[in-house]
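Please open the model in a viewer and keep the selection panel at hand. The tour below proceeds stop by stop, stating what to select and what is found there.

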Amino acid sequence: MRTTPIVVILTGSAPAGRVRVQGWVRTRRDAKDFSFIEINDGSCVANLQIIASASLASYAETVSALTTGSSVSVEGDVRPSEGKGQKYELLATDVMAHGIAPVDYPLQKKRHTFEYLREIAHLRPRTNSIGAVMRLRSGLSFAIHSFFKEQGFFYIHTPIVTTSDCEGAGEMFRVTTLDINNPPRTEAGVVDFNKDFFGKEAGLTVSGQLEGEICALALGKIYTFGPTFRAENSNTPRHLAEFWMIEPEAAFYRLPEDMDLAEAFVRYLATYALDNHGDDLAFFNERIDQGVISRLEGISTSPFERVSYTDAADILMRNNDRFAFKVSWGSDLQSEHERYLTETFFKKPVIVYNYPKEIKAFYMRNNDDGKTVAAMDVLVPGIGELIGGSEREERYDMLLNRIRDIGLDEKNYWWYLDLRRYGGTPHAGFGLGFERLLLLATGMQNIRDVIPFPRYPGNAAF
Ligand code: 4AD
Ligand code: MG
């Protein structure tokens, strides 16, 4: 017999006749002649209620031994439920246990803190909240590919091991096979990376953008969607050491098209979540954050605000008494400033563009004012920065000067410069942090709880 997912049964579309379900026991309650067993199979947030009569052959040995966390296969007949809380239930004809969980199962039926759940990351996908997060991650991943397919972008795979630091921020994890206790040294006494596996210093990528640009200048419109690593020591609820980033890059795009793409993308994903994950969102709205659905609806239906950095800085300077970090023209925006703009001032997503060049990466295109670059960040309520992007500096001399000014080694960027010599074009792109999107879509408060196995300073367990 094929197994029927519980989500199929509860939506009333189960096949007629006998079905089999397989999952994990959440609770068992015994009445005089039967037991109620609630099981969850991960296909949806709701449990299926099983009625197991004491007259079943497997009752004494199996049903009465079932504990929270045990795994079971149950065969039976679906019927409308007389009880409150569910439309359908399963009248069992056979119950088989695969594994009986001892009573010290760490997920007993009570609220656990998210901090505690992180310590048992091997079991927390079985909780309602992490289960719902994981279904949404899966659905939104699919939606990302559909969006770009509909827009004519090609999915490309950029390397994870790299020898160029895209953001130039020195936050790369090192990749080496050298003996760290006894590395080979040059005559000058410094570590000799020529003898390392790749013949030079290598690390885990902080962004696929530079390679993405290569492909955009051949295929036109591309995107990447892959793991990204940053060795920044940021112990915040919005930073991970390993996260997933989506990076579209399009030849011939300028900043306005880039902003249009970013806005269409975020709105598409919000709409997708509302249309396809109503049950999980209802769970988040009820149990995690009562504003989550209305926020997504707002994103899905109304246009974003667009404001230049200079105008945004003016707004912030008028409100400097609210902030721990005071703003003046040229300051980098902190999370408190970003959130003030999007949550309090505009009350909707905001795209801030034309940032001072000093606070942005070397590859961003210089504006004619000599002070700003054609950069843009998308800020959203509850989070702050969701997206960072820009037009890229396509003029060879300007780019070379910038690389030199910042003190990067131009030899490492020879191919990036070459792209400007051989058929260079204006182009633009952005990066969206997938886990930040999930914070937005779930209302979860900590980024460590929207990825199954979070990596952050001091933790790479599981
Ligand atoms: O603003 P960032 O650093 O931009 C880039 O990496 C560009 N190369 C993107 C591009 O233009 N192709 O990062 C982009 C986004 C941020 O807006 C944020 O959502 C997310 O990536 N992000 C992080 N998410 C989780 N943990 C971290 N440590 C993150 N750092 C950035
Ligand atoms: Mg950024």
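With which residue does Glu 249 form a salt bridge, and how far apart are the closest N and O atoms? Select Glu 249 and Arg 392: they form a salt bridge, with the closest N and O atoms 2.8 Å apart. A salt bridge here is a side-chain nitrogen of Lys or Arg within 4 Å of a carboxyl oxygen of Asp or Glu.

Some conventions apply throughout. This is a predicted model, in which local features need pLDDT of at least 70 and side-chain atom pairs count only at pLDDT 80 or more, while totals for chains, interfaces and linings use all residues. Residues are numbered from 1 along each chain as its sequence is written, chains are lettered from A and ligands numbered from 1 in the order in which they are written, and side-chain values use heavy atoms, with hydrogens and water left out.

**Stop 1: the Glu 249 network**

Colour the model by secondary structure; helices (H or I, at least four residues) and strands (E, at least two) are DSSP runs, numbered from the N terminus. Glu 249 belongs to strand β11 (residues 242-251), whereas Arg 392 sits in the loop between β15 (384-391) and α10 (396-406), so that the pair links distant parts of the chain, 143 residues apart. Glu 249 is buried at a relative accessible area of 2%, and Arg 392 is also buried, at 2%. Buried means under 20% relative accessible area, exposed over 50%, and partly exposed in between (1.4 Å probe, protein chains only). Now add Glu 213 and Arg 420 to the selection: salt bridges that share partners join Glu 213, Glu 249, Arg 392 and Arg 420 into one network.

**Stop 2: helix α11**

Arg 420 leads to helix α11 (residues 414-421), whose buried residues are Tyr 416, Leu 417, Asp 418, Leu 419 and Arg 420. Display α4 (209-219), α10 and β16 (427-433) as well; the buried residues of α11 pack against these elements. After α11 comes Gly 423, with a positive phi near 70 degrees.

**Stop 3: two further salt bridges**

Select Arg 118 and Asp 449, a salt bridge whose closest N and O atoms are 2.9 Å apart. Distant parts of the chain are linked by this pair: Arg 118 is in helix α2 (residues 114-119) and Asp 449 in the segment after α12 (434-442), 331 residues apart. Arg 118 counts as buried at 13% relative accessibility, and Asp 449 is buried at 3%.

Continue to Glu 305 and Lys 348, whose side chains meet in a salt bridge (3.9 Å, N to O). Glu 305 lies in strand β12 (residues 305-308) and Lys 348 in the loop between α9 (335-345) and β13 (350-356), so this pair ties together parts 43 residues apart in sequence. Glu 305 is partly exposed at 25% relative accessibility, as is Lys 348 at 24%. The count for the model comes to 28 salt bridges.

**Stop 4: positive phi values**

Most residues other than glycine have a negative phi. Select Lys 347, in the loop between α9 and β13: its phi is positive, near 55 degrees. Lys 347 is exposed, at 62% relative accessibility. Then select Phe 252, in the loop between β11 and α5 (255-276), where phi is positive and near 70 degrees. Phe 252 counts as exposed at 58% relative accessibility.

**Stop 5: Thr 224**

Is Thr 224 buried or exposed? Thr 224, in strand β10 (residues 221-229), is buried at 4% relative accessibility. Leaving aside neighbours within four places in sequence, Thr 224 is in contact (heavy atoms within 4.5 Å) with Tyr 155, Ile 156, Thr 158, Met 245, Ile 246 and Glu 247. The C-alpha atoms of Thr 224 and Ile 156 are 5.4 Å apart, although 68 residues separate the two along the chain.

**Stop 6: the whole chain**

Zoom out to the full protein chain, which has twelve helices and 16 strands. Its C-alpha atoms fill a box of roughly 85 × 55 × 45 Å, taken along the principal axes. Of the 462 residues, 50% are buried. Among contacts with a separation of 6 or more, 66% join residues 24 or more positions apart.
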